[in-house]
Amino acid sequence: MKISLGIFAYNEEKNVAKLLGAVLGQKLNKVELEEIIVVASGCTDKTVEISRGFSAKDGRVRVLVQEKREGKFSAINLFLKTAKNEILAIESADTLPSEDVLERLIKPFEDSLVGMAGARPMPTNNESGFWGFASHFLWELHHQLSLAEPKMGELVAFRKIFDKIPPTAVDEAVIEAIISSAGFKVVYVPDAIVYNKGPESLFDFLKQRRRIFCGHLALRKQLGHKVSTMDWQKIFALIFKNLKPSIRFLAFVSLIVLLEALARFLGWLDYCLGRNHYIWQNIESAKNPAVVIK
């Protein structure tokens with residue numbers, strides 16, 4: 001199966017070389033990574049220069065430059081316009097893929113009824129502190145929820161059955177909605193691992209979480225699609241299922257719940273006030289997920 005991979009970057013000079021190296025070094029069998037399209041949007045660092053260096057060495061890599069940032073949805077639409085294969089994958093430039101993630105992620109498309117597949121994000125934060133604990137706990141809840149009701153994020157693949165996506169702050173969720181409404185299955189691939197890094201400060205946590213919730217509210221109104229993580233009952237059920245008899249654990253989880261509630265309230269206010277977050281600020285503390293690729 002031939003695929004096209006889109007990588008979307010804004011000032012990712014510290015990670016883009018590691019990402020492209022990991023992508024070009026993928027262990028593939030039934031999958032052929034025919035083209036890698038880097039869309040660099042409004043970059044003011046060396047992201048474009050580094051990416052073009054890879055392009056000069058490997059013809060599969062192409063670099064498209066947007067002089068101004070227009071939102072990730074706009075970068076995805078440029079990728080959709082350019083990509084030539086039926087099966088596409090998209091990945092943010094602040095993540096790192098495991099060495100066989102594309103082979104695992106694309107395998108479900110052997111079933112013609114599958115329209116989209118999502119990888120499992122694994123945070124690289126140190127769990128010893130609160131923010132690292134929060135990232136691991138939230139992504140573990142995301143994993144357990146996705147096993148029952150797939151929720152896409154970080155690295156996804158899908159059939160090219162549409163030419164563009166509408167303006168949004170939650171691109172994977174919008175694609176999930178479009179694919180589902182077309183009658184295709186959306187599947188979660190838990191053994192397809194992609195590494196990311198969660199926010200390491202209160203400001204960054206609230207900034208990221210409010211933007212996501214605001215985007216999910218807009219998506220529900222725009223396309224009538226409700227992502228599984230918006231269901232508080234399911235979230236609390238998983239929280240109680242994962243509770244441990246530890247003062248530290250209970251204190252950290254209680255604080256996470258309070259902060260998530262605050263972030264969702266702020267996201268709701270943003271939604272009511274018409275703030276769309278299409279072009280969002282970088283979460284600086286969540287950059288550069290330094291890991292040993294496995």
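Are Asp171 and Lys72 buried or exposed? Select the two residues in this predicted model, and both Asp171 and Lys72 turn out to be buried. Their side chains meet in a salt bridge, with a distance of 3.3 Å from N to O. The pair links distant parts of the chain, since Asp171 sits in helix H6 (residues 171-181) and Lys72 in helix H3 (residues 72-82), 99 residues apart.

**The strand at the start**

Next, select residues 2-9, which form strand S1; 7 of its 8 residues are buried, so S1 is largely enclosed by the rest of the structure. Adding residues 32-41 to the selection brings in strand S2, which runs parallel to S1 and is joined to it by 8 bridges. To find one point of this pairing, pick Ala9, whose bridge partner in S2 is Ala40. If residues 16-24 are then shown as well, helix H1 appears, and S1, H1 and S2 together make a right-handed β-α-β unit.

S1 also pairs with strand S4 (residues 87-92), again in the parallel sense, over 6 bridges. Here the residue to pick is Ile7, which has Glu91 as its bridge partner in S4.

**The nonpolar cores**

Keep Ile7 selected and add Ile36 and Leu105: these are the residues with the most contacts inside the largest nonpolar core, which has 33 residues. The elements that give two or more residues to this core are S1, H1, S2, S4, helix H4 (101-106), strand S6 (114-123), strand S7 (155-159) and strand S8 (185-196). Of these, S8 supplies the largest share, 6 residues. In soluble globular proteins, nonpolar side chains tend to be buried together.

Centring the view on Leu105 shows which residues surround this one: leaving aside residues up to four places away in sequence, Leu105 touches Ala117, Gly118, Ala119, Leu155, Val156, Ala157, Val189 and Ala192. Apart from the largest core lies another core, of 32 residues, and among its members to select are Ala83, Val156, Ile179 and Val186.

**Helix H5 and its link to S6**

Now move to residues 130-148, which form helix H5; its 19 residues reach 28 Å from the first C-alpha to the last, close to the 27 Å expected at 1.5 Å a residue. Of those 19 residues, 14 are buried, so H5 is largely enclosed by the rest of the structure.

Within H5, pick Glu140, and then Arg120, with which Glu140 forms a salt bridge whose closest N and O atoms are 3.1 Å apart. Arg120 lies in strand S6 and Glu140 in helix H5, so the pair ties together parts that are 20 residues apart in sequence. The two ends are placed as follows: Arg120 is buried, with a relative accessible area of 16%, whereas Glu140 is partly exposed, at 28%.

**Further salt bridges**

How many salt bridges does the structure hold? There are 20, and one to select next joins the side chains of Glu35 and Arg62, at 2.7 Å from N to O. Glu35 belongs to strand S2 and Arg62 to strand S3 (residues 61-66), so this pair ties together parts that are 27 residues apart in sequence. Glu35 is buried, with a relative accessible area of 4%, while Arg62 is partly exposed, with a relative accessible area of 31%.

As a last stop, select Lys2, Glu34 and Lys84 together, which are linked in a network of salt bridges.

Definitions and conventions. Residues are numbered from 1 along each chain as its sequence is written. This is a predicted model: local features need pLDDT of at least 70, side-chain atom pairs count only at pLDDT 80 or more; totals for chains, interfaces and linings use all residues. Side-chain values use heavy atoms; hydrogens and water are left out. Buried means under 20% relative accessible area, exposed over 50%, partly exposed in between (1.4 Å probe, protein chains only). Helices (H or I, at least four residues) and strands (E, at least two) are DSSP runs, numbered from the N terminus. Two strands pair if DSSP finds at least two bridges between them. A crossover is right-handed if, with the strands pointing away from the viewer, the path from the first strand over the helix to the second runs clockwise. A nonpolar core is a set of buried Ala, Val, Leu, Ile, Met, Phe, Trp, Tyr and Cys residues joined through side-chain atoms within 4.5 Å. Contact means heavy atoms within 4.5 Å. The expected span of a helix is 1.5 Å times one less than its number of residues. A salt bridge is a side-chain nitrogen of Lys or Arg within 4 Å of a carboxyl oxygen of Asp or Glu.
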